[in-house]
Amino acid sequence: MSSETTTPSTSLVWRDMTVFDGLETLPESMAVVVSDGHIRQLTPMSRFDTSDLDQYHDMGSGGVMTPGLVDCHTHLVFGGSRADEYEARLEGVSYEEIARRGGGILSTVNATREAREDELYAAARPRLEALMADGVTCVEIKSGYGLDVDNELKMLRVARRLGADLPVRVVTTLLGAHALPPEYRDDSDGYIDLVCDEMIPRAAAEGLADAVDVFCEKIAFSVAQCERVFHAAIKHGLPIKAHAEQLSNLGGTAMAAELGALSADHIEYLDQHGINAMRKSGSVAVILPGAFLTLRETQKPPIAELRAAGVPMAVATDANPGSSPLFMPTLMLNLACTLFQLTPREALSGMTAHAASALGMKEVGRLYEGAPADLCVWDITTPAELAYAVQPGRLRQRLFKGDVNS
Ligand code: NIG
Ligand code: FE
């Protein structure tokens with residue numbers, strides 16, 4: 001017989017909690033017990049045994065518990081700032097016109113290429129900390145401002161380092177096909193060759209990318225070019241996703257869905273054909289109200305049609321220096337409801353359970369017995385309040401893998 005002993009770890013308990021489990025608000029007031037990094041009990045108060053409460057560390061009572069927020073679409077690692085371009089757009093120059101003039105994404109590319117890895121890390125870390133202070137426990141970070149092999153890998157290394165240093169899960173996405181770099185100005189297919197033949201194989205071999213993304217748009221890459229990128233990703237075992245139908249309806253979403261994309265993101269101009277393809281593939285529709293707002297877009301994503309088709313919807317910040325310099329996930333919950341008429345429940349599922357699906361992360365974004373204890377406790381009385389009011393300071397506790405760190 002083994003004589004091994006186990007050291008009992010401290011169990012944490014919350015009582016009288018309103019719990020939103022990632023999909024819905026549980027009907028009864030709950031007790032929640034966490035130990036060894038996991039949720040051990042999620043029990044209605046009426047059935048919770050309070051006789052031996054002293055075995056637990058009391059974490060308080062009342063308020064709303066949700067899964068840790070999942071921001072499934074960000075561009076947090078970048079050099080420079082585009083405040084000047086923001087001003088130009090306010091004076092009437094369009095996002096597309098700025099891109100054609102070599103500004104926009106390309107101005108961030110210049111600044112990102114010039115920055116050393118340490119500088120990019122130092123700039124990105126407070127952005128990520130801002131998301132964490134608003135409840136994020138899992139974040140996706142894309143490359144896409146390097147646009148050559150070394151600089152794309154540099155961005156992904158910075159993202160990995162952020163995940164290693166901070167109490168947050170970082171999922172990395174290679175977005176080599178984000179814009180055409182100046183050195184390939186007349187050879188867009190040649191650049192796609194570089195993405196397929198060098199960037200994706202290197203990122204996969206070095207374990208730097210968890211997925212591959214593209215920007216399928218007139219100012220970026222065609223459906224056929226994006227399809228080539230996806231085939232290369234699939235060949236290297238990487239899941240795929242797309243920025244699609246943001247500024248026009250090219251059909252990138254349907255193509256991506258047919259290849260099994262985890263998600264199609266933006267999708268303001270998505271048509272019924274694209275929605276049907278998403279429904280068939282189970283791809284998640286990622287709604288990005290920050291970019292819609294910042295670009296003063298008027299075409300709304302087809303929310304009612306997506307809902308009717310049963311396509312899961314996620315909501316994310318799209319935090320980036322150009323189209324969405326907005327680093328506040330709970331603001332996105334509000335905007336998704338106010339601008340697009342998502343219900344608060346849909347918005348919150350969109351930043352928890354469905355956001356996790358958009359990243360292919362099965363184990364996060366939901367609260368259930370056995371789940372990792374990535375969760376938030378908020379000083380509010382109903383989950384809807386999180387979307388209703390834009391009010392920093394309501395995050396009472398944030399747990400990452402069972403550790404309280406806010
Ligand atoms: O998600 N749509 C393309 N890419 C980013 C914008 C990046 C930028 O403007 O720097 C987006 O909106
Ligand atoms: Fe984006």
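These legends accompany close-up views of a predicted model.

**View 1. The surroundings of ligand 1.** The shell around ligand 1 holds 14 residues. His-243, Ala-291, Asn-320, Gly-322 and Ser-323 come nearest. By class, the shell divides into 9 polar, 4 nonpolar and 1 charged residue.

**View 2. Residues annotated as "binding site".** The annotation comes from an unreviewed UniProt entry. It covers Arg-82, Tyr-145, His-178, Gln-246 and Ser-323. Ser-323 is also among the residues that come nearest to ligand 1.

**View 3. Arg-82 and its contacts.** Arg-82 carries the UniProt "binding site" annotation. Arg-82 sits in the loop between β6 (69-71) and α1 (83-90). Arg-82 counts as buried because 22 C-beta neighbours lie inside 10 Å, and the cut-off for buried is 20 or more. Beyond its neighbours within four places in sequence, Arg-82 is in contact with Ser-107, Thr-108, Pro-321 and Gly-322. Of these contacts, Gly-322 is listed among the residues nearest ligand 1.

**View 4. Tyr-145 and its contacts.** Tyr-145 is another residue under the "binding site" annotation. Its place is the loop between β7 (136-142) and α5 (149-165). Tyr-145 has 31 C-beta neighbours inside 10 Å, so it counts as buried. Setting aside residues up to four places away in sequence, Tyr-145 touches Phe-78, Thr-108, Val-109, Thr-112 and Met-155. Thr-108 is a contact of Arg-82 and of Tyr-145.

**View 5. The annotated domain, residues 64-388.** The unreviewed UniProt entry places "domain: Amidohydrolase-related" here. Over residues 64-388 the chain is 46% helix and 15% strand. The C-alpha atoms at the two ends of this stretch are 14 Å apart.

Note on methods: Residues numbered from 1 in each chain as written. Chains lettered and ligands numbered in written order. Predicted model: local features only at pLDDT ≥ 70, side-chain atom pairs only at ≥ 80, totals over all residues. Near = placed C-beta within 6 Å. Nonpolar A, V, L, I, M, F, W, Y, C, P; charged D, E, K, R; others polar. UniProt positions renumbered as here; feature names shortened; annotations may be inferred. Helix = DSSP H or I, 4+ residues; strand = E, 2+ residues; numbered from the N terminus. Buried ≥ 20, exposed ≤ 12 C-beta atoms within 10 Å, placed from the backbone. Contact = placed C-beta atoms within 7 Å.
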